[in-house]
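Welcome, and thanks for taking a look at this one with us. Please have the sequence and the structure open side by side as you go through the notes below.

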Amino acid sequence: MRNKKFLLLALLAVAVLLMSTQSAMADALSEAITQATEAGKINAADAAGYMGIPGAPQISMIVALLWAVWVGWIFSTVGAFGGIMAGVGHITVYGLGNYAKGLGKEMKLNKLVTDSIRVSNQWLVGCSAALSSFNYYKAGRLVLPLGISLAIGSMAGSLLVPWLTAGKISLSQYVGYFGLFVLFLGCYLAYEMTPGAQAKKKEAQAAAKAFQASVKSGTLDMATQGVKIKTFTPSRCEFTFFGVEFSFNPIIPVVGGFVIASLASFLGVGGGFLLVPFLTSVAGLPMYLVAGTSALAVFIGMINSIFSYMFLKSVVVDWTMIGAELVGIVIGSTVGPYTSKYLPDKALKILFIVLAFYVGLNYTARGFLGHNILPPY
């Protein structure tokens with residue numbers, strides 16, 4: 001009975017908080033539309049589009065759902081790129097990037113749409129992270145102590161950055177920095193594929209080969225061969241995966257989680273694109289353990305970041321679009337963990353690198369030069 005009362009009170013508190021912020025959100029959107037109308041940037045007589053803004057792009061809910069299926073699948077498969085692919089959808093596929101850019105940097109509506117894109121990305125990747133964490137934990141492919149350590153560090157970063165940057169970043173700045181980080185990631189992961197870098201990861205390679213052999217032979221038994229925690233102290237954690245032993249110092253992922261969550265919150269993504277190289281390099285994990293462990297840290301960071309943007313900074317989102325996208329996220333995130341085990345470890349990394357270079361080069365050029373340098377998506 002006490003638990004039920006506590007739950008009802010918690011739900012009531014969330015409802016009251018949400019209602020209290022709706023007015024502030026509506027006021028911010030109305031003020032931005034009025035400024036843009038008076039400046040001749042939008043025509044109040046035009047049909048309402050994104051977030052009810054006159055003349056804004058009309059987004060197909062079918063396209064939004066299908067793109068979200070892809071976002072959920074890629075994130076749940078490699079433990080990253082969900083927020084980046086969500087950003088590609090919101091910025092390019094849906095046309096919100098060109099629309100916001102056309103308003104001009106001086107318009108509040110430009111920054112409002114930019115913040116909306118950042119938060120919308122995080123709604124998608126947060127949902128995918130929650131589902132992926134649960135599925136990979138059941139499958140014995142999530143290193144819980146490592147995920148918790150990263151999540152502890154991510155909480156501070158994902159609360160701090162929205163408070164500092166909401167309402168202050170234009171679309172062009174956002175796209176440029178977005179592309180730079182993705183391009184840097186692609187370069188780093190390309191280095192990780194070199195013989196010198198691979199020679200330092202014998203444990204991860206051995207575990208990946210053992211996992212692949214079990215899948216091919218039909219003898220896969222995650223109950224006995226999956227992640228098994230041996231010891232977990234403030235200074236050291238040891239675990240095994242398919243008979244191969246791994247270890248790490250929990251303090252390192254706490255610090256790493258803070259830095260990664262800060263960057264991810266600024267870019268409006270989940271942070272998996274930085275967690276993947278962190279987990280493969282610092283922790284030395286095989287890719288088969290990275291997706292689930294990354295997802296748990298991303299999920300915690302997304303809860304904090306979304307709360308900061310929406311409840312503390314009154315950022316507006318298009319709930320109709322997000323509703324359609326979350327359906328697609330559920331589909332893609334459910335399928336990903338089951339299909340990823342049939343993809344070679346190396347193939348997952350190559351897929352990641354190709355996407356990073358393509359998206360990174362185009363978005364860096366678009367943000368800082370004003371045009372793509374590769375064929376548009």
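Two strands count as paired if DSSP finds at least two bridges between them. With that in mind, a hairpin of four residues joins strand β1 to strand β2. Please remember that this is a predicted model. The chain has an average pLDDT of 79, and 85% of the residues score at least 70.

**Confidence along the chain**
- Among the elements of the chain, helix α2 (residues 61–78) has the highest mean pLDDT, at 88.
- Helix α1 (residues 2–38) sits at the other end of that ranking, with the lowest mean pLDDT, 67.

**The β1, β2 and β3 strands**
- Strand β1 and strand β2 (residues 237–241) run antiparallel and are joined by four bridges.
- If you would like a pair to find on screen, Ile-229 has Phe-239 in β2 as its bridge partner.
- Strands β2 and β3 also run antiparallel, with five bridges joining them.
- Here Phe-241 has Val-244 in β3 as its bridge partner.
- The hairpin of β2 and β3 has two residues between the strands, and Phe-242 in this hairpin takes a positive phi near 55°.

**The two faces of β3**
- In a regular strand, side chains alternate between the two faces of the sheet.
- Strand β3 shows such an alternation: Val-244, Phe-246 and Phe-248 point to one face and are buried.
- Glu-245 and Ser-247 point to the other face and are not buried.

**A salt bridge between strands**
- Which residue does Glu-245 meet in a salt bridge? The partner is Lys-230, with the two side chains 2.7 Å apart, N to O.
- This pair links distant parts of the chain, as Glu-245 belongs to strand β3 (residues 244–248) and Lys-230 to strand β1 (residues 228–232), 15 residues apart.
- Glu-245 is partly exposed, at 39% relative accessibility.
- Lys-230 also counts as partly exposed, at 48%.

**Salt bridges involving helix α5**
- The whole structure has five salt bridges, and two of those described here involve residues of helix α5.
- One of them brings together the side chains of Lys-108 and Glu-31, at 2.3 Å from N to O.
- Lys-108 lies in helix α5 and Glu-31 in helix α1, so this salt bridge ties together parts that are 77 residues apart in sequence.
- Lys-108 is partly exposed, with a relative accessible area of 42%.
- Glu-31 is partly exposed too, with 44% relative accessibility.
- Another salt bridge is formed by the side chains of Arg-118 and Asp-115, 2.8 Å from N to O.
- Arg-118 and Asp-115 are three residues apart in helix α5, so about one helical turn separates them.

**A closer look at Asp-115**
- Asp-115 is a residue of helix α5, which spans residues 108–138.
- Is Asp-115 buried or exposed? Its relative accessible area is 5%, and buried means under 20%, so Asp-115 is buried.
- Its salt-bridge partner Arg-118 is buried as well.
- The Asp-115 and Arg-118 side chains also make a polar contact, at 2.8 Å.
- Leaving aside residues up to four places away in sequence, Asp-115 touches Ala-166, Gly-167 and Val-315.

Notes:
Residues are numbered from 1 along each chain as its sequence is written. This is a predicted model: local features need pLDDT of at least 70, side-chain atom pairs count only at pLDDT 80 or more; totals for chains, interfaces and linings use all residues. Side-chain values use heavy atoms; hydrogens and water are left out. pLDDT is the predictor's confidence in each residue, from 0 to 100. Buried means under 20% relative accessible area, exposed over 50%, partly exposed in between (1.4 Å probe, protein chains only). A polar contact is a pair of N or O atoms within 3.5 Å; within protein, one must be able to donate a hydrogen and the other to accept it, and residues adjacent in sequence count only if both atoms are side-chain atoms. Contact means heavy atoms within 4.5 Å. A salt bridge is a side-chain nitrogen of Lys or Arg within 4 Å of a carboxyl oxygen of Asp or Glu.
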